Amino acid sequence: MIIVLRPDATEEQQEHIIKKLKGLGLQVHISKGTERTILGAIGDEAILRSVPLEAIPGVEKVLPILKPYKLASREFRKEDTVIDVGNARIGGKKIVVMAGPCAVENKTLLVEIAKEVKNAGASFLRGGAFKPRTSPYAFQGLEEEGLKYLAEARDRVGLPVVTEVMDPRDITMIAQYADVLQIGARNMQNFRLLKEVGLCRKPVLLKRGISATIKEWLMSAEYIMAGGNHNVILCERGIRTYETATRNTLDLSAVPVLKQMTHLPVIVDPSHAVGKWDLVAPMAKAAVAAGADGLIIEVHPNPEEALCDGEQSLKPKSFKQLMDELRPIARAVGREI
Ligand code: PEP
Ligand code: MN
């Protein structure tokens with residue numbers, strides 16, 4: 001860690017800071033310039049993170065050298081993490097596509113959608129049984145009944161299931177039905193929830209928070225990994241900006257940025273990013289071109305009757321067409337779908 005002292009820091013202040021750092025068991029290197037003094041503190045940076053050094057008179061700036069996330073970092077693991085779920089592999093050469101309705105509505109519809117998306121080439125079925133709705137009066141999901149339908153659709157159609165968990169109290173129950181646990185954007189910094197899914201061994205799909213920086217997002221991944229669960233998949237789903245033409249602004253540069261910063265697989269959710277069905281395909285294509293390891297896309301046979309997010313749902317036919325159009329793009333970037 002580098003500690004830059006203020007130009008007007010007194011000798012006494014400097015002595016006090018050095019004493020404090022040494023007291024924490026760190027070695028201190030002093031670099032005295034003509035204008036100002038810089039201290040290099042060598043040792044366990046984690047100790048320093050819990051000390052508010054910038055509160056000490058005479059300190060101007062504190063610059064950490066190591067990343068605050070460790071297990072999630074590329075330095076910790078050079079090779080890409082690949083997560084096996086049933087027959088599917090997330091993070092390998094094949095781009096995984098997760099598709100299905102926003103919310104599980106009924107069994108017949110879910111099984112019908114599962115068949116359609118599987119035939120089009122999807123390798124996961126998505127569907128929410130616990131829905132994080134902005135309004136308490138909107139459809140909140142079928143809860144455990146919905147999970148049973150998901151499990152049945154998986155067994156009948158042969159697609160692993162990804163579904164959202166909103167509350168630590170539901171994890172054990174949801175894990176009995178789901179193959180991948182989704183943490184939604186609104187819960188990206190629900191640290192109790194992150195710690196709890198960190199203790200289970202199901203892969204976790206961690207969506208980016210609505211206004212989260214990439215660093216904050218990786219810190220949330222670190223929470224899960226610190227509990228022992230290293231199977232984390234990051235999902236860019238758009239962030240809130242001043243732009244209102246789309247539901248959110250898809251931060252596609254997050255994909256190559258994350259590929260440098262972390263070894264974890266990165267997928268993109270164009271549906272929640274754009275919020276309009278006819279904008280989903282172009283952004284899905286762009287995501288594949290940008291190097292995403294997968295996509296998660298909302299599909300509904302009758303969007304105008306959908307109980308949730310119909311406006312951004314693709315009909316099965318458009319989804320199939322998109323899958324066909326994605327194949328040459330995947331090939332062009334050395335992947336397959
Ligand atoms: C969802 O996937 O249905 C969902 C609610 O997404 P997000 O958390 O990204 O809004
Ligand atoms: Mn949705």
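## Arg126

Arg126 is buried, with a relative accessible area of just 3%; keep in mind that we're looking at a predicted model here. You'll find Arg126 in strand 8, which covers residues 124-126.

What does the side chain of Arg126 reach? One target is the backbone oxygen of Pro101, at 3.1 Å. Another is the side chain of Glu298, with a polar contact of 3.5 Å. Leaving aside residues up to four places away in sequence, Arg126 touches a fair list of residues, including Ala99, Gly100, Cys102, Lys131, Val162, Ile296 and Ile297. His272 and Glu298 are on that list too, and both come up again at the metal.

## The manganese site

Ligand 2 is a manganese ion, and its protein donors are Cys102 (SG), His272 (NE2), Glu298 (OE) and Asp309 (OD), at 2.0 to 2.4 Å. Along the chain, these donors follow the spacing C-x169-H-x25-E-x10-D. Distant parts of the chain are linked by the pair His272, in helix 9 (residues 270-274), and Glu298, in strand 14, which sit 26 residues apart.

Are His272 and Glu298 buried or exposed? Both of them are buried. As noted, Glu298 also has that 3.5 Å polar contact with the side chain of Arg126.

## Asp309

Asp309 sits in the loop between strand 14 (294-298) and helix 11 (316-332). Its relative accessible area is 11%, and the cut-off for buried is under 20%, so Asp309 counts as buried.

Besides being a donor to the manganese ion, Asp309 has a polar contact of 3.1 Å between its side chain and that of Gln312. Not counting residues up to four places away in sequence, Asp309 touches Cys102, Arg247, His272 and Glu298.

## The sheet at the start of the chain

Now for another part of the model. Four strands make an open sheet in the order 2-3-1-4, with antiparallel pairing. Strand 2 (27-32) and strand 4 (59-63) are at the edges and have a single partner strand each, so one side of each has no neighbour in the sheet. From one strand to the next, the twist averages 20°.

How many bridges join strand 1 to strand 4? There are four, and the two strands, with strand 1 spanning residues 2-5, run antiparallel. Ile3, for example, has Val62 in strand 4 as its bridge partner. Helix 1 (residues 11-23) packs on this sheet and touches strand 1, strand 2, strand 3 (37-42) and strand 4. The direction of helix 1 makes about 155° with that of strand 2.

Note on methods
Residues numbered from 1 in each chain as written. Chains lettered and ligands numbered in written order. Predicted model: local features only at pLDDT ≥ 70, side-chain atom pairs only at ≥ 80, totals over all residues. Heavy atoms only, no water. Pairing = 2+ DSSP bridges. Axes fitted to C-alpha atoms, helices over the stretch in contact; angles between N-to-C directions. Contact = heavy atoms within 4.5 Å. Buried < 20%, exposed > 50% of the residue type's maximum accessible area, 1.4 Å probe, protein only. Polar contact = N/O pair within 3.5 Å; in protein donor to acceptor, adjacent residues only side chain to side chain. Donors = N, O, S within 2.8 Å, 3.2 Å for Na, K, Ca; no water.
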